[in-house]
Amino acid sequence: MTDPRTTLPEGFLWGASTAAHQTEGANHNSDWWELEHLALEQGPGGHIEEPSGDACDSFHRWPEDMDLLAGFGFTDYRFSMEWARIEPAPGEISRAAIDHYRRMVEGAHQRGLRPLVTLNHFTTPRWFAARGSWYGEDAADRFARFAEAAAPVYADGVDHLCTINEPNMVAALLPVLAQAAAGTEAGGATEQLATTGIPEPDPHLTEALTRAHRRAVEAVKSHVPHVRTGWSVSVQACQALEGAEAAADAYSRPRQDVFLEAARDDDWLGVQTYTRIVVGPDGLLPVPDDAERTLTGWEFYPEALGEAVRRTAELAPGVPLVVTENGIATGDDTRRVAYTSGALAGLADAMADGIDVRGYFHWTALDNYEWGSYRPTFGLIAVDRTTFARTPKPSAGWLGAAGRDRRWPTA
Ligand code: BGC
């Protein structure tokens, strides 16, 4: 019998994650590109400090990215398709864009990487945003039609498909982004998690995203029944001070729990964890002054991952979990190794206690566009902002090797 605290389970996914808008570059037809340029016109002060521009130029350089990841020892790779490229106008499907993502699926396999493909990672086509985005009357149908049109990409060679990345963050932040577009934004989105917590999602939006997920699952399954579908939720460890259990529950329920419970009939559920939130009787507590903070201002708290998967398993019992994101924004790669080994120790413990986790994807492969700025560096690989040259950090080889050796890494 193998020891689950040292050996990776048979078939366990071991990869790094990326998202199209954050890495591909020149995503002209997306709502975010539009927002970034509105922000430029509005001048400094808002959440968007700089546009994504060419990002990491991964639209062209994806073979190099995959070569590196496979070379480190990873066996899996999570990337997203860009809806704005595949469906540049309503109902108009770009054959070339479909072929591009199909080549990525095949290219991953050629290098020994199993692709986990995300249909939607935050960005949508401009035309979809102009019709009210996820609030739009026919949003779920539109999304399902896109999922269907993209079937040639995942028709074969893709076991896991994620419909929507972090629907809970979308539900919380879409209204904030709308304010940003109107020039009336109150504060930075990423930093909100560290200070005031994320805003409470509009229940209409929660419902609309849940509907879109379900419709997309149906569309995917009707074309490619063997694909395992799920969505990935942002699940931060939520802790209550003594006596504040009800307040913690009230915080976490609309922001996380309902999205986890909505996955009870799914094939798998993605968990994306970075830090913890602590709730007292009067609400969210600030990060303590003496705590170590990451470049996003979040508390350095590796234990969050183990706590988050345990909580998720309670809310979606019996659904296999996949950690689709976990990582740290830091300029000091030794802290990345420290954070990740702590997070993985908590994950291995949870699994040894019987929590059914099927994979781990680190956020992220490359230093990339962190929704408004290139400053928070989450990558295993540094990217030169003018030449796009990739320089692996020591953490990349350290983490990847565990995939090759099939053993949990130790710091
Ligand atoms: C998102 C990523 C993001 C990361 C770090 C997640 O919310 O899925 O796109 O870059 O966290 O903020």
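This report covers the ligand site, the pockets and cavities, and two backbone features of a predicted model.

## Ligand contacts

The ligand has 13 residues around it. The nearest are Gln22, His121, Glu166, Glu325 and Glu370. By class, this shell holds six nonpolar, four polar and three charged residues.

Three side chains make polar contacts with ligand oxygen atoms. In Glu166, a polar side-chain atom lies 2.6 Å from a ligand oxygen. Glu370 also places a polar side-chain atom 2.6 Å from an oxygen atom of the ligand. For Trp371, an N or O atom of the side chain is 2.9 Å from a ligand oxygen. Taken alone, the ligand exposes 310 Å², and the protein buries 94% of that area.

## The largest pocket

Where does the ligand sit? It occupies the largest pocket. That pocket holds about 780 Å³ of space. Its lining comprises 39 residues. Nearest the pocket centre are Trp32, Phe122, Leu173, Leu177 and Trp371. Trp371 thus appears twice: its side chain also has an N or O atom 2.9 Å from a ligand oxygen.

Which helix gives the most to this lining? Helix 9 does, with eight residues. Helix 9 spans 167-181. Helix 2 (31-42), helix 6 (126-130) and helix 10 (189-194) each supply at least two lining residues as well. By class, the pocket lining divides into 23 nonpolar, ten polar and six charged residues.

## Cavities

How many cavities of 30 Å³ or more does a search of the whole structure find? There are four. The largest cavity has a volume of about 70 Å³. It is lined by 13 residues. Closest to the cavity centre are Thr18, Thr23, Glu24, Tyr77 and Met104.

Helix 3 gives the most to the lining of the largest cavity, with four residues. Helix 3 covers 58-72. Helix 1 (20-23) and strand 2 (76-80) each supply at least two residues to this lining. The lining of the largest cavity has seven nonpolar, four polar and two charged residues.

## Backbone features

Most residues other than glycine have a negative phi, and most peptide bonds are trans. Two places in this model depart from those patterns.

One is a peptide bond. Trp363 and Thr364 are joined by a cis peptide bond, with omega about 15°. Thr364 lies in the loop between strand 11 and strand 12. Strand 11 covers 357-363, and strand 12 covers 381-383.

The other is a phi angle. Ala26 is not a glycine, yet its phi is positive, about 50°. Ala26 lies in the loop between helix 1 and helix 2. Both helices also feature in the linings described above. Helix 1 supplies at least two residues to the largest cavity, while helix 2 supplies at least two to the largest pocket.

## Summary of the site

The ligand sits in the largest pocket, and the protein buries 94% of the 310 Å² that the ligand exposes when taken alone. Its polar contacts include Glu166, Glu370 and Trp371.

Notes: Residues are numbered from 1 along each chain as its sequence is written. This is a predicted model: local features need pLDDT of at least 70, side-chain atom pairs count only at pLDDT 80 or more; totals for chains, interfaces and linings use all residues. Side-chain values use heavy atoms; hydrogens and water are left out. A residue is near a molecule or strand if one of its heavy atoms lies within 4 Å of it. A polar contact is a pair of N or O atoms within 3.5 Å; within protein, one must be able to donate a hydrogen and the other to accept it, and residues adjacent in sequence count only if both atoms are side-chain atoms. Accessible areas come from the Shrake-Rupley method with a 1.4 Å probe; for residues, only the protein chains shown count as cover. On a 1 Å grid over the protein atoms alone, a cavity is a set of points where a 1.4 Å probe fits but cannot get out, and a pocket is an open set with protein on both sides within 12 Å along at least five of seven lines; lining residues have an atom within 4 Å of a point. A molecule sits in a cavity or pocket if more than half of its atoms lie within 2 Å of its grid points. Ala, Val, Leu, Ile, Met, Phe, Trp, Tyr, Cys and Pro count as nonpolar, Asp, Glu, Lys and Arg as charged, and the others, Gly among them, as polar. Grid points are joined across faces, edges and corners, and a volume is the space filled by probe spheres set on the points.
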